[in-house]
Amino acid sequence: MSYLSIKNLSNSVAGFSLENICLDIEKGEYFVLLGQSGSGKTRLLEAIAGLDSSSGSIHYKEDEISEKNPEHRDIGFVYQDFALFPNLNVEENIVFSGRYREIEDAQEHFKDIVDFLELKDLLDRCIKDLSGGEKQRVALARALYSKPKILLLDEPLSAIDPTFRNAIMKKLKEIHRRYDLTTIHVTHNFREASYLADKIAVIMNGKIEQIGSPDEVLNHPKTIEIAKFLGFKNIFPASLINDKNKSKYFSVDPNVIRIVKEQNVCCDYIFEGVVEECMGITDHFKLFVKVDENHFFIKIPKREYENCLSNSKHSIRIGFDEKDVSYI
Amino acid sequence: MKLTYKNNSFNIALIVLAVIIVFFLSVPILKMFVGVGSDKLIDTIKDGEVISSILLTMKVSLWAMIFVIFTGLPLAYLIARYDFFGKSFLEAIIDIPIMIPHTAAGIALLSTFGDTGLGGFFKIFGIEFVGTEYGIMIAMMFLSAPFLINAAKDGFRKVDPKLEKVARTLGASPFRVFFAISIPNARKDIVNGALMMWSRGLGEFGAVIILVYHPMTTPVLIFDRFSSYGLSYSAPVAAVIIGFSALVFLIIRFIANRFD
């Protein structure tokens, strides 16, 4: 059995349901739960932590923990907005769990966390005086101080200034290894997922739609809905390229579609279409080409073309190679 | 963001209307002190019956407040946090005492806790409501508890439930979360509500006089002196209770703000 095994977890509150969620997460795994807003990500984390009542079973190291109260589950939780206690200062927030649990080597552990997350100068501060990044570090420190075995992170980067996100993602990976954690990280950002995850699950409307390695999920989505959510463009019926395999759809990256200038064949697939619109964006043009009833979206670097091809409708040939096709 | 003051006709209209209501609210209070004169005030402060009546009123109102802190805060929390069948009805029941005439409330209390089965039941435990401090307390509590319960309910609603959830994952049981997170983060509203309840209890007259004439609370004493001896004997008592109440109110407010 896996380190954390979730079987048929379901709950229903206020018209929204989690339906038969099954997840197997290995020890030390950084597991990313990817889904749009309202897909049930936070609800699932709360159910795992025991904060939301649900049916089904959760096994941790072969022990059934579904019936345990949240305070006995050994799970740390960091919310999107950090949920720091306003009535306590930074230090009191971090050591909060020490009031109710015996923390082994508490002083050394506290010092280690404070040094690692660079919180020494903030310890006496009130919560309302902290920036978003500082709040996040305090929330992480508070969860880590309780020495959880499983860390649940609910969109931890969404309230952070984009300039600091990369540094914080790096820090999250370090935390995961340094404190020997098994992490479940919820996000709607697939770039975040691709950097952090050992394994990814895509959740949609309260159901897990796909689970796999980052390469598997992010490059080979199982359904057209997942592909759209992951930002795939140019999704068309496979019959368009005479596909012999069983996939119903394919997708091709707008950056790899080329404009065929000469008569000679340059690509595996070539189509003739009509330019519908051409938009100049900083360093590239966005070209919208209609091929039969399908609308291709193409990005061409400005260095290759001086002007947009045309704003008036005229025919062009576009092409791409088989190796650039993703089947769905 | 506050608007910058501009001397236009709208603002002038606001100020004129505000001054009218401030006049009606403040002048009678000031008149109590200015009109009575310092000699009479000092004599009244030295009057043992007045002082013991003021202390009795403050003490019993404090009891009522403490009782509602213990029983009303859990009720306020339940209403703030959970949806359940009959919740709106329960909220309406809590608000009823604010709306009904106080003498009617006194009659209702006398009919319930006077010479009745329920009154007899409490007598077994040595608690009698007619002509005792328990009677004063129940009258004050009945009419002023909504101020504390409603304020605490608003306070608990402002506490993000996620704070309580995180505290659970950090090892705190629901009881400990309530005392370590919910109450401290709602304390401003709870303190305001408690002060409102306590001060409202001090002024309770209509219900108290029906249940308990003796021992006399200050409002009953003022009424007694007014009806027996006239305005000049009752006004100094009124001035003294206003002064005492304001003093205690300011001290508690000062302490609460220091801890905020």
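This report describes the confidence, domains, strands, salt bridges and surface of a predicted model with chains A and B.

**Confidence and domains**

Because the coordinates are predicted, the confidence values come before the details. Chain A has an average pLDDT of 90, and 95% of its residues score at least 70. Among the elements of chain A, the mean pLDDT is highest, at 98, for helix 2 (residues 90–94) of chain A, and lowest, at 85, for strand 18 (residues 325–327) of chain A. Where pLDDT is low, predicted coordinates should not be read in detail.

According to the domain assignment, chain A holds domain 1 (4–229) and domain 2 (238–327). The centres of domain 1 of chain A and domain 2 of chain A, taken over C-alpha atoms, are separated by 41 Å.

**Strand 3 of chain A and its partners**

Strand 3 (residues 30–34) of chain A has five of its five residues buried, so this strand is largely enclosed by the rest of the structure. In a regular strand the side chains alternate between the two faces of the sheet. In strand 3 of chain A, the residues A:Tyr30, A:Val32 and A:Leu34 point one way while A:Phe31 and A:Leu33 point the other way, and all are buried.

Strand 3 of chain A runs parallel to strand 8 (residues 182–187) of chain A, to which five bridges join it, and within this pairing A:Leu33 has A:Val186 in strand 8 of chain A as its bridge partner. Strand 3 of chain A is also joined by four bridges to strand 9 (residues 199–204) of chain A, again in a parallel arrangement, and here A:Val32 stands opposite A:Ile200 in strand 9 of chain A.

**An open antiparallel sheet**

Five strands of chain A form an open sheet in the order 13-17-14-15-16, with antiparallel pairing. Strand 13 (258–259) and strand 16 (294–301) of chain A stand at the edges with a single partner strand each, so one side of each has no neighbour in the sheet. For strand 13 of chain A, two bridges make the antiparallel connection to strand 17 (residues 315–320) of chain A, and A:Ile259 is placed opposite A:Ile318 in strand 17 of chain A.

Strand 15 (residues 284–291) of chain A contains A:Val289, which counts as buried at 0% relative accessibility. A:Val289 and A:Asp253 are 36 residues apart in sequence, and their C-alpha atoms are 14 Å apart in space.

**Salt bridges**

Over all chains, a search of the whole structure finds 25 salt bridges. Side chains of opposite charge can pair when their charged atoms come close. Three of the pairs are listed below with their N to O distances.

| Salt bridge | N to O distance |
|---|---|
| A:Lys171 and A:Glu118 | 3.8 Å |
| A:Asp321 and A:Arg258 | 2.9 Å |
| B:Glu133 and B:Lys59 | 3.3 Å |

In the salt bridge between A:Lys171 and A:Glu118, A:Lys171 belongs to helix 5 (residues 162–178) of chain A and A:Glu118 to the loop between helix 3 (106–116) and helix 4 (132–145) of chain A, so the pair ties together parts that are 53 residues apart in sequence. A:Lys171 is partly exposed, with a relative accessible area of 22%, whereas A:Glu118 is exposed, at 54%.

In the salt bridge between A:Asp321 and A:Arg258, the pair links distant parts of the chain, 63 residues apart, with A:Asp321 in the loop between strand 17 and strand 18 of chain A and A:Arg258 in strand 13 of chain A. A:Asp321 is buried, with a relative accessible area of 13%, while A:Arg258 counts as partly exposed at 37% relative accessibility.

In the salt bridge between B:Glu133 and B:Lys59, B:Glu133 lies in helix 7 (residues 133–158) of chain B and B:Lys59 in helix 3 (residues 48–81) of chain B, so the pair ties together parts that are 74 residues apart in sequence. Both count as partly exposed, B:Glu133 at 25% relative accessibility and B:Lys59 at 35%. Elsewhere, salt bridges with shared partners join A:Asp81, B:Asp160 and B:Lys162 into one network.

**A nonpolar surface patch on chain B**

A nonpolar surface patch of about 960 Å² is made by residues of chain B, among them B:Ile12, B:Leu17, B:Phe23, B:Phe24 and B:Val27. One of these residues, B:Leu17, lies in helix 1 (residues 9–36) of chain B, and B:Leu17 is exposed, with a relative accessible area of 56%.

Key: Residues numbered from 1 in each chain as written. Chains lettered and ligands numbered in written order. Predicted model: local features only at pLDDT ≥ 70, side-chain atom pairs only at ≥ 80, totals over all residues. Heavy atoms only, no water. Domains from an automatic or database assignment. pLDDT = per-residue confidence, 0-100. Pairing = 2+ DSSP bridges. Patch = residues over 30% accessible without salt bridge, like charges linked within 9 Å, V, L, I, M, F, W, Y side chains within 5 Å. Areas by Shrake-Rupley, 256 points an atom, 1.4 Å probe, with all protein chains shown as cover. Salt bridge = Lys/Arg side-chain N within 4 Å of Asp/Glu carboxyl O. Buried < 20%, exposed > 50% of the residue type's maximum accessible area, 1.4 Å probe, protein only.
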